[in-house]
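Colleague: I am new to this structure and would like a close look at a single part of it. Could you pick one spot, then work outward from there until I can find my way around the rest?

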Amino acid sequence: MKSASSTEDKIKEAAKKVFLEKGFEGATTRDIAKEADLNCALMNYYFRSKEKLFAAVFDEMLQLFFAGMTNVLTKPISLKEKIIELIEHDFQTFKQNPSLCIFILNELHRDPDHLVNIIQAAKTQATLLFEKQLREAIDQGMVRPVNPHHVLSLLLSNTQFIFLGKAITMNTWQMSENAFTLYAEEHKQLVTLMIINFLFIEKSEDKLNLHVSEPALLALA
């Protein structure tokens, strides 16, 4: 049983790498078997088809992402702290899996219903709790009146795009990997500042004031 589980995990890890690089259409079972250092017959024994393997890997990746979000959403912390932690969670997820952004976009075009079903399944009590917390803050005059869906979209889009355009950014500005890491960290801080200071209605002296160092681009000059 231990050996079978180990082989399945090995196949899943190989499939994750290949699917992220090539997408569903571009990946082949032969590619995955080669990456896993196994023969196609053994791989098919465990997962039967590329479709079943893709479903297992894709669902697992998204569930892991949503599990992290749920953990933040259910924390007994203030709304401001929760939004800051959500930005951090999204940023770290895409930093560790930069190909995940392109992968999700490709699958949105290829099979939108599948992705929608997964997202709907992940929309748990935690999401409703966040919406309730946000609406209460709006009613108390602490936060601008805004649809909770816009807030979550702002968080996701602003943390995703920095990694979605990583190759273009690095090539255009001739950045090293270290310079891009600094640039991305600064981007995260700017996103946090913009979203928090826009949403929360406070006196100017009470606004969030994170330290943002000199931009990475200037550091390269």
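Modeller: Start at Arg48, which is exposed, with a relative accessible area of 57%. It counts as exposed because the cut-off is over 50%. Keep in mind that this is a predicted model. Arg48 sits in the loop between α3 and α4. Its phi is positive, about 65°, although Arg48 is not a glycine. That backbone turn comes just after α3.

Now step back into the helix before it. Helix α3 covers residues 40-47. Its N-terminal end is capped by Asn39. A side-chain oxygen of Asn39 lies 3.2 Å from the backbone nitrogen of Ala41. So you have Asn39 at one end of α3, and Arg48 just after the helix.

A record covers this stretch. UniProt, in an unreviewed entry, lists residues 28-47 as "DNA-binding region". In the model, the chain over residues 28-47 is 80% helix and 0% strand. The C-alpha atoms at the two ends of that range are 13 Å apart.

What does Thr7 touch, leaving aside neighbours within four places in sequence? Its contacts are Leu38, Leu42 and Tyr46. Thr7 belongs to helix α1, residues 2-26. It is buried, with a relative accessible area of 15%. That value counts as buried because the limit is under 20%. The C-alpha atoms of Thr7 and Ala36 are 9.0 Å apart, although 29 residues separate them along the chain.

Next, cross the loop that holds Arg48 and look at α4. This helix spans residues 50-73. To see its part in the structure, take the largest nonpolar core, which has 56 residues. Phe19, Leu53 and Ile83 have the most contacts inside that core. Helix α4 supplies its largest share, eleven residues. The core also draws at least three residues from each of domain 1 (1-48) and domain 2 (55-218). In general, nonpolar side chains tend to be buried together in soluble globular proteins.

Follow Ile83 next. Beyond its neighbours within four places in sequence, Ile83 is in contact with Phe130, Leu155, Ile195, Ile196, Leu199 and Phe200. Take Leu199 from that list. Leu199 is placed in helix α11. At 2% relative accessibility, Leu199 is buried. Not counting residues up to four places away in sequence, Leu199 touches Ile83, Met142, Val143, Arg144, Val146 and Val151. Leu199 and Arg144 are 55 residues apart in sequence, yet their C-alpha atoms are 5.4 Å apart.

Asn147 is the next stop. It lies in the loop between α8 (125-139) and α9 (148-164). Asn147 is partly exposed, with a relative accessible area of 34%. Its side chain reaches the backbone nitrogen of His149 at 2.8 Å. The C-alpha atoms of Asn147 and Arg135 are 8.6 Å apart, with their positions twelve residues apart along the chain.

Another buried spot is Cys101. This residue lies in helix α6, residues 99-110. Its relative accessible area is 1%, so Cys101 is buried. Cys101 touches Phe94, Gln160, Phe163 and Leu164, with residues up to four places away in sequence left out. The C-alpha atoms of Cys101 and Thr159 are separated by 9.9 Å, at 58 residues apart along the chain.

Back to loops and positive phi. Gln174 has a positive phi of about 50° although it is not a glycine. Its loop runs between α10 (166-172) and α11 (177-199). Gln174 is exposed, with a relative accessible area of 70%. Recall that Arg48 has a positive phi too, about 65°.

Last, the whole chain. It has twelve helices and zero strands. Of its 221 residues, 38% count as buried. Among contacts between residues at least 6 apart in sequence, 64% join residues at least 24 apart. The accessible surface comes to about 12,900 Å². Carbon and sulfur atoms account for 56% of that surface.

Terms used:
Residues are numbered from 1 along each chain as its sequence is written. Side-chain values use heavy atoms; hydrogens and water are left out. A polar contact is a pair of N or O atoms within 3.5 Å; within protein, one must be able to donate a hydrogen and the other to accept it, and residues adjacent in sequence count only if both atoms are side-chain atoms. Helices (H or I, at least four residues) and strands (E, at least two) are DSSP runs, numbered from the N terminus. UniProt positions are given in the numbering used here, feature names are shortened, and annotations may be inferred rather than shown by experiment. A nonpolar core is a set of buried Ala, Val, Leu, Ile, Met, Phe, Trp, Tyr and Cys residues joined through side-chain atoms within 4.5 Å. Buried means under 20% relative accessible area, exposed over 50%, partly exposed in between (1.4 Å probe, protein chains only). Domain bounds come from an automatic or database domain assignment. Contact means heavy atoms within 4.5 Å. Accessible areas come from the Shrake-Rupley method with a 1.4 Å probe; for residues, only the protein chains shown count as cover.
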